[in-house]
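Please open the model in your viewer and keep the sequence panel beside it, because each stop on this tour begins with a selection. The stops can be taken at whatever pace suits you.

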Amino acid sequence: MSQESGDDADRVVGSGRSVRALDEVDRRILDELVRDGRTSVRTLAERIHISRTNAYARVERLLRDGVITGFHAQVAPEAAGLGTSAYMALTIEQNTWREVSAELARVRYVEHVALLSGEHDVLALVRAPDNAALRDVVLDRVQRIAGVLSTRSWLVFEEFGGTQSPWQ
């Protein structure tokens with residue numbers, strides 16, 4: 001495969017099939033949809049100055065190629081009753097990440113899990129109603145998972161999103 005970096009260059013995705021590289025219009029579509037996933041195709045086309053047919057075809061292709069993996073609501077955790085958030089780093093036994101990640105996926109209040117390189121093996125974002133529920137997640141649920149050697153937690157005091165979309 002060539003090492004071209006132009007807009008028409010193909011890239012290989014996890015499935016082993018080539019996917020067309022994103023061009024400026026694709027990036028603008030992603031930027032608009034990240035801002036508001038409920039944007040209609042008509043509005044999307046108007047904002048980007050392309051035809052509705054082109055906008056529809058591009059969104060369908062981005063879905064088919066796995067670039068867009070779904071649409072969801074952004075929930076304010078505190079307003080939804082989850083007033084305590086923490087990042088939890090886990091150190092696990094070698095070769096147990098599949099089992100550990102499967103167990104973490106079943107733990108209530110674990111919102112996101114990432115496999116890492118470096119000092120810790122796994123980073124999880126936990127959103128719980130209060131400190132008692134967070135303590136239960138860490139001490140009673142996560143530390144009892146086979147393969148977890150240790151955990152380290154950091155409370156989140158405030159959160160904000162970045163101001164610059166990577167799709168602009």
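Select Tyr109 to begin, bearing in mind that this is a predicted model; the residue lies in the loop between α4 and β4. Is Tyr109 buried, partly exposed or exposed? With a relative accessible area of 23%, Tyr109 is partly exposed, because the buried class is reserved for values under 20% and the exposed class for values over 50%. Its backbone deserves a look as well, since phi of Tyr109 is near 85 degrees, a positive value in a residue other than glycine. Most residues other than glycine have a negative phi.

Asn95 is the next selection, in the loop between β3 and α4. Here, too, the residue is not a glycine and yet has a positive phi, of about 65 degrees. Asn95 counts as exposed because its relative accessibility is 72%.

Now zoom out and colour the chain by secondary structure. The protein has five helices and six strands, and, read from the N terminus on, the elements follow the order β-β-α-α-α-β-α-β-β-α-β. Of the 168 residues, 32% are buried, and the accessible surface comes to about 11400 Å², with 49% of that area belonging to carbon and sulfur atoms. If you display contacts between residues with a separation of 6 or more, 59% of them are accounted for by residues 24 or more positions apart.

Select the sheet next. In which order do its four strands lie? The order is β4-β5-β3-β6, in an open sheet with antiparallel pairing. The edges are formed by β4 (110-115) and β6 (148-155), each of which pairs on one side only, and from one strand to the next the twist averages 20 degrees.

Within this sheet, highlight β3 (residues 84-92) and β5 (residues 122-128), which run antiparallel and are joined by seven bridges; along this pair, Leu90 stands opposite Val122 in β5. Then move to β4 and β5, also antiparallel, where five bridges make the connection and Val110 stands opposite Val126 in β5. These two strands form a hairpin with six residues between them, and in the turn you can pick out Gly118, whose phi is positive at about 115 degrees.

With the sheet still shown, add helix α4 (residues 97-104), which lies across β3, β4, β5 and β6 and runs at about 160 degrees to β3. Select Leu104 in particular: setting aside neighbours within four places in sequence, Leu104 is in contact with Leu90, Val110, Val113, Val122, Val142 and Ile145.

Leu104 also leads into the largest nonpolar core, which has 19 residues; Met88, Leu90, Val100 and Leu104 are the members that touch the most others. Two or more residues of this core come from each of β3, α4, β5 and α5 (131-142). Which element gives the largest share? That share, five residues, comes from α5. Apart from this core lies another, of 13 residues, including Leu30, Leu33, Val59 and Ile68.

To explore the surroundings of Leu30, select Leu62, whose place is in helix α3 (residues 52-64). Leu62 counts as buried because its relative accessibility is 0%. Not counting residues up to four places away in sequence, Leu62 touches Leu22, Asp26, Ile29, Leu30, Val67 and Ile68. Drawing a distance from C-alpha to C-alpha between Leu62 and Asp26 should give 8.1 Å, for two residues that are 36 apart in sequence.

The last selection is Glu32, in helix α1 (residues 24-35). Is Glu32 buried or exposed? Glu32 counts as buried, because its relative accessibility of 14% falls under the 20% cut-off. Show the side chains around it to see the partners: beyond neighbours within four places in sequence, Glu32 is in contact with Thr39, Leu44, Arg47 and Ile48.

Notes. Residues are numbered from 1 along each chain as its sequence is written. This is a predicted model: local features need pLDDT of at least 70, side-chain atom pairs count only at pLDDT 80 or more; totals for chains, interfaces and linings use all residues. Side-chain values use heavy atoms; hydrogens and water are left out. Two strands pair if DSSP finds at least two bridges between them. Axes are lines fitted to C-alpha atoms, for helices over the stretch in contact, and angles run from 0 to 180 degrees between N-to-C directions. Contact means heavy atoms within 4.5 Å. Buried means under 20% relative accessible area, exposed over 50%, partly exposed in between (1.4 Å probe, protein chains only). Accessible areas come from the Shrake-Rupley method with a 1.4 Å probe; for residues, only the protein chains shown count as cover. A nonpolar core is a set of buried Ala, Val, Leu, Ile, Met, Phe, Trp, Tyr and Cys residues joined through side-chain atoms within 4.5 Å.
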